[in-house]
Amino acid sequence: PSMKKHYDFAFTPQWMPEAHRPPLGGRICYGVDLRTSPSDRTLVETGFDLHYLIDAYRTLNIGETFFTPFFEKLIGVDYPRKMIIEGHSAAYISKRWHDDVERFRRFRHSYLLYEE
């Protein structure tokens with residue numbers, strides 16, 4: 001099945017030391033170019049939006065192989081992966097995630113070297 005929908009950006013995942021065996025390595029993929037849309041400044045100000053991740057998960061249609069073990073290491077918990085697989089919206093996941101994020105911010109504050 002073709003993965004091309006309404007996306008203008010195309011890329012081909014490549015095998016490299018930083019990306020061991022990407023699930024779609026060598027195959028053309030379509031999506032949103034986050035290097036230019038939204039602006040880097042917007043991502044810094046608002047944070048990464050789960051809409052992009054959920055859209056990629058659904059569009060690629062490769063099941064749980066979409067999530068590498070590193071995914072949970074990056075976000076620190078396992079339930080967002082489960083919620084995405086179950087079909088929950090980005091807004092729903094963000095609400096669930098809010099209290100954990102706030103706890104983490106308070107916890108990390110004593111470890112920061114510079115003011116936020």
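**Notebook: helix α5, its surroundings and the largest pocket**

**Entry 1. Helix α5**

I began with α5 and recorded A90, I93 and W97 as buried in this helix. I use "buried" for under 20% relative accessible area, "exposed" for over 50% and "partly exposed" for values in between, with a 1.4 Å probe and protein chains only. Helices (H or I, at least four residues) and strands (E, at least two) are DSSP runs, numbered from the N terminus.

I note that the model is predicted, that local features need pLDDT of at least 70, that side-chain atom pairs count only at pLDDT 80 or more, and that totals for chains, interfaces and linings use all residues. Residues are numbered from 1 along each chain as its sequence is written, and side-chain values use heavy atoms, with hydrogens and water left out.

I then looked up the dimensions of α5. The helix covers residues 90-109, 20 residues in total, and spans 26 Å from its first C-alpha to its last, which is close to the 28 Å expected at 1.5 Å a residue. The expected span is 1.5 Å times one less than the number of residues. I also recorded a bend of about 40° in α5 at W97, taken as the angle between axes fitted to the seven residues ending there and the seven starting there. W97 is thus both the site of the bend and one of the buried residues of the helix.

What covers the buried residues of α5? I found α2, α3 and α4 (79-86) among the covering elements.

**Entry 2. Helix α4**

I turned next to α4, where Y79, P80, R81, M83 and I84 are buried. These residues pack against α2, α3 and α5. For contacts I required heavy atoms within 4.5 Å.

I examined two of the α4 residues separately. P80 counts as buried because its relative accessibility is 1%. Leaving out residues up to four places away in sequence, P80 touches I75 and I93. The C-alpha atoms of P80 and I93 lie 6.5 Å apart, although 13 residues separate them along the chain. I93 is itself buried in α5.

R81 has a relative accessible area of 16% and is therefore buried. With the same sequence exclusion of up to four places, R81 touches E64, F67, F71 and E72.

Immediately after α4, I noted a positive phi of about 95° at G87.

**Entry 3. Helix α2 and the residue after it**

In α2 I listed L50, L53, I54, Y57, T59 and L60 as buried. Their cover includes β2, α3, α4 and α5.

Is N61, in the loop between α2 and α3, buried or exposed? N61 counts as exposed, because its relative accessibility is 62%. Just after α2, this residue takes a positive phi of about 55°, a positive value in a residue other than glycine.

**Entry 4. The largest pocket**

I looked up the largest pocket and recorded a volume of about 1300 Å³. On a 1 Å grid over the protein atoms alone, a pocket is an open set of points with protein on both sides within 12 Å along at least five of seven lines, whereas a cavity is a set where a 1.4 Å probe fits but cannot get out; lining residues have an atom within 4 Å of a point. Points are joined across faces, edges and corners, and the volume is the space filled by probe spheres set on them.

The lining comprises 35 residues, and F11, L53, A56, L60 and F66 lie nearest the centre of the pocket. Two of these, L53 and L60, also appear among the buried residues of α2. Which elements each supply at least two lining residues? They are β2 (29-31), α2 (50-60) and α3 (69-75). The largest share, 7 residues, comes from α2.

By residue class, I recorded 26 nonpolar, 6 polar and 3 charged lining residues.

**Entry 5. The β1-β2 loop and the whole chain**

I found G25 in the loop between β1 (9-11) and β2. Its relative accessible area is 13%, so G25 is buried. Apart from neighbours within four places in sequence, G25 is in contact with P13 and W15. G25 and Q14 are 11 residues apart in sequence, with 5.2 Å between their C-alpha atoms.

Finally, I recorded the overall pattern. The chain has 5 helices and 2 strands, in the order β-β-α-α-α-α-α. Of its 116 residues, 22% are buried. Among contacts between residues at least 6 apart in sequence, 36% join residues at least 24 apart.

Definitions and conventions
Ala, Val, Leu, Ile, Met, Phe, Trp, Tyr, Cys and Pro count as nonpolar, Asp, Glu, Lys and Arg as charged, and the others, Gly among them, as polar.
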